[in-house]
Amino acid sequence: MKVDVLLGLQWGDEGKGKVVDVLTPKYDVIARFQGGPNAGHTLEFEGQKYVLRSIPSGIFQGNKLNIIGNGVVLAPDLFMDEAKELEKSGHQLKQRLHISKKAHLIMPTHRLLDAANEAAKGKNKVGTTGKGIGPTYTDKTSRNGLRVGDILDNFQQKYAEHKARHEQMLKALNYTDYDITEVEKKWMEGIEYLRQFQLVDSEHEVNRLLKEGKSVLCEGAQGTMLDIDFGSYPFVTSSNTICAGACIGLGIGPNKIGDVFGIIKAYCTRVGAGPFPTELFDETGKKIRDLGHEYGAVTGRERRCGWIDLVALRYAIMVSGVTKLIMMKSDVLDAFPVIKACTAYQLSDGSVTRDFPFDINEGITPVYQELRGWNTDLTHVTDKSQFPKELNDYIQFLEKELETPIVIVSVGPDRHQTIEM
Ligand code: GDP
Ligand code: IMO
Ligand code: MG
């Protein structure tokens, strides 16, 4: 019986998709447990690049069962586009992608509400992906949601009632200039398409498989700093991205969890608004963005770039009980003579802390430790014995600061550019 969990520890886009694909051969089942099409998980192999949004990243290797769990929010139209694209490139999904009947549906009006809420916030907007994530989870927790299982019975009436309620809300927000006729038509096609998949009680399925001795890898979306409870609130997403989210989003007991893999970039990025203490506004930040191709996989937005933040990472490791770290995009730092790591925050009263504070919105000055860069092309490295000394020093420094071992170092986007430690 084995459930491992894989999480982003920063502000998302750490490279979770790539690692899930790499680790898939070791598991029987890959399951998504939260988030929705706000995620963009990129995989590269055999010269092809795929961006997955709602479909787990275990879909490409060895015919494994993939599950979309109850904690996920699903947009049928976007899901249909994503799945058909994969089918077109020869990947059959219908038998091995199961969808929880308890997953909530993102309606077209949820996306309008997302836009309306952002407009109402004005300069304080979150910079959401516009996929309707916040309003869908809000409907879920306010006990107004529409679930995948609802499409099996009297669906049109339920849909109409939810839509009418949303229209009232949009009116109250003075957001009335829209026409969703076409979008709605496609959305309904998406509902019909969804019926071709196995809609399951995934909590029963996962626990039965565990009883049979099967192993499960839970794939997180977003990152700890975007967690609704522990992230940089209110500039967060609307789900629990930490380890506990896997228990809730799949119906797995916490005592079943084995390893918790924390995915980190060798530096740090953020897309959307909100605090980011180690953000670089200078040429160095621009160089990281250019070399790391730091543009959003979902929205194409420029990602904000900065040095690694060990205060935030210690916190992320703590709240999820991370047992192993995986460092991504190490090659992006190949050409930096000096690499910096934020080891503590100086607060506005002058005090210095290594503990993540209540509010990082203002008054944080990062305290940096400087390390020597390696000035070596890592992208062709095939074994850790070829690592330059400075990279080994950086790894050891991080392991000591974070009190957690780094078990994989990624040196390029391809599946094979992955070094086990
Ligand atoms: P996710 O949301 O956590 O799955 O990450 P994204 O896919 O949004 O962003 C990670 C980006 O970095 C993708 O474009 C990946 O192809 C790419 N990537 C992943 N690992 C590496 C790596 O080690 N080096 C480089 N240069 N790119 C990587
Ligand atoms: P993956 O899984 C990076 C950010 C948005 C915004 C905030 C809220 O690819 O790592 P939302 O649409 O969720 O209501 O937006 O969260 N955000 C992400 N940033 N990677 C993601 O996913 C993200 N999903 C949401 O930019 O700041
Ligand atoms: Mg992403």
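**Exercise 1. Find which pocket ligand 1 sits in, and describe that pocket.**

*Solution.* Start with the placement: in this predicted model, ligand 1 sits in the second largest pocket. Next, take the volume, which comes to about 650 Å³. Now look at the walls. The second largest pocket is lined by 28 residues, and T42, E44, G292, K329 and P413 are the ones nearest its centre. Two elements, α1 and β3, give two or more residues to that lining. Of these, β3 gives the most, with four residues. Finish by sorting the lining by class: you get eight nonpolar, 10 polar and 10 charged residues.

**Exercise 2. Work out which residues come nearest to ligand 1 and what polar contacts the ligand has.**

*Solution.* First, list the neighbours. There are 19 residues around ligand 1, and G15, K16, T42, D331 and S410 come nearest. Two elements each supply at least two residues of this shell: α1, spanning 16–23, and β3, spanning 41–45.

Second, go through some contacts one at a time, keeping in mind that a pair of N or O atoms has to be within 3.5 Å to count:

- G15 uses its backbone: an N or O atom there lies 2.8 Å from an oxygen atom of ligand 1.
- R303 uses its side chain, with a polar atom 3.2 Å from an oxygen atom of the ligand.
- D331 also brings in a polar side-chain atom, 2.7 Å from a nitrogen atom of ligand 1.

Third, ask how much of the ligand gets covered. On its own, ligand 1 exposes 580 Å², and the protein buries 93% of that.

Last, check the make-up of the shell: four nonpolar, seven polar and eight charged residues.

**Exercise 3. Now do the job for ligand 2: find its pocket, its neighbours and its polar contacts.**

*Solution.* Pocket first: ligand 2 sits in the largest pocket. Then the neighbours. Of the 21 residues around ligand 2, the nearest are D13, K16, H41, T129 and T237.

Next come some contacts, each one to an oxygen atom of ligand 2:

- A polar backbone atom of D13 is 2.7 Å away from such an oxygen.
- T129 reaches one with an N or O atom of its side chain, at 2.6 Å.
- Q222 has a backbone N or O atom 2.8 Å from one.

What about cover? Taken alone, ligand 2 exposes 540 Å², of which the protein buries 98%. By class, the shell around ligand 2 divides into eight nonpolar, 10 polar and three charged residues.

**Exercise 4. Describe the largest pocket: its volume, its lining and the element that gives the most to that lining.**

*Solution.* The volume is about 840 Å³. As for the lining, 43 residues take part, with V126, T128, V236, T237 and S238 closest to the centre. Then look for helices and strands: α3 (108–121) and α4 (133–141) each supply at least two lining residues. The top contributor is α4, with six residues. By class, the lining has 19 nonpolar, 16 polar and eight charged residues.

**Exercise 5. Count the cavities of 30 Å³ or more, and say what lines the largest one.**

*Solution.* A handy idea to start from: rolling a probe the size of a water molecule over the atoms shows where empty space is left. Here the count is one cavity of 30 Å³ or more. The largest cavity holds about 30 Å³ of space. Its lining is made of L9, Q10, W11, M225, C268, D309, A312 and L313. Sort those by class and you get six nonpolar, one polar and one charged.

**Exercise 6. Look at the backbone at P234 and at R143, and say what is unusual there.**

*Solution.* Begin with the background: most residues other than glycine have a negative phi, and most peptide bonds are trans.

Now take P234. The peptide bond leading into P234 from Y233 is cis, with omega near 5°. To place P234, go to the loop between β10 (215–219) and α8 (243–250).

Then take R143. Although R143 is not a glycine, its phi is positive, at about 65°. You'll find R143 in the loop between α4 and α5 (155–172).

Notes
Residues numbered from 1 in each chain as written. Chains lettered and ligands numbered in written order. Predicted model: local features only at pLDDT ≥ 70, side-chain atom pairs only at ≥ 80, totals over all residues. Heavy atoms only, no water. Near = heavy atom within 4 Å. Polar contact = N/O pair within 3.5 Å; in protein donor to acceptor, adjacent residues only side chain to side chain. Areas by Shrake-Rupley, 256 points an atom, 1.4 Å probe, with all protein chains shown as cover. 1 Å grid on protein atoms, 1.4 Å probe; cavity = no way out; pocket = protein on both sides within 12 Å on 5 of 7 lines; lining within 4 Å. Sits in = over half its atoms within 2 Å of the grid points. Nonpolar A, V, L, I, M, F, W, Y, C, P; charged D, E, K, R; others polar. Points joined across faces, edges and corners; volume = space filled by probe spheres on them.
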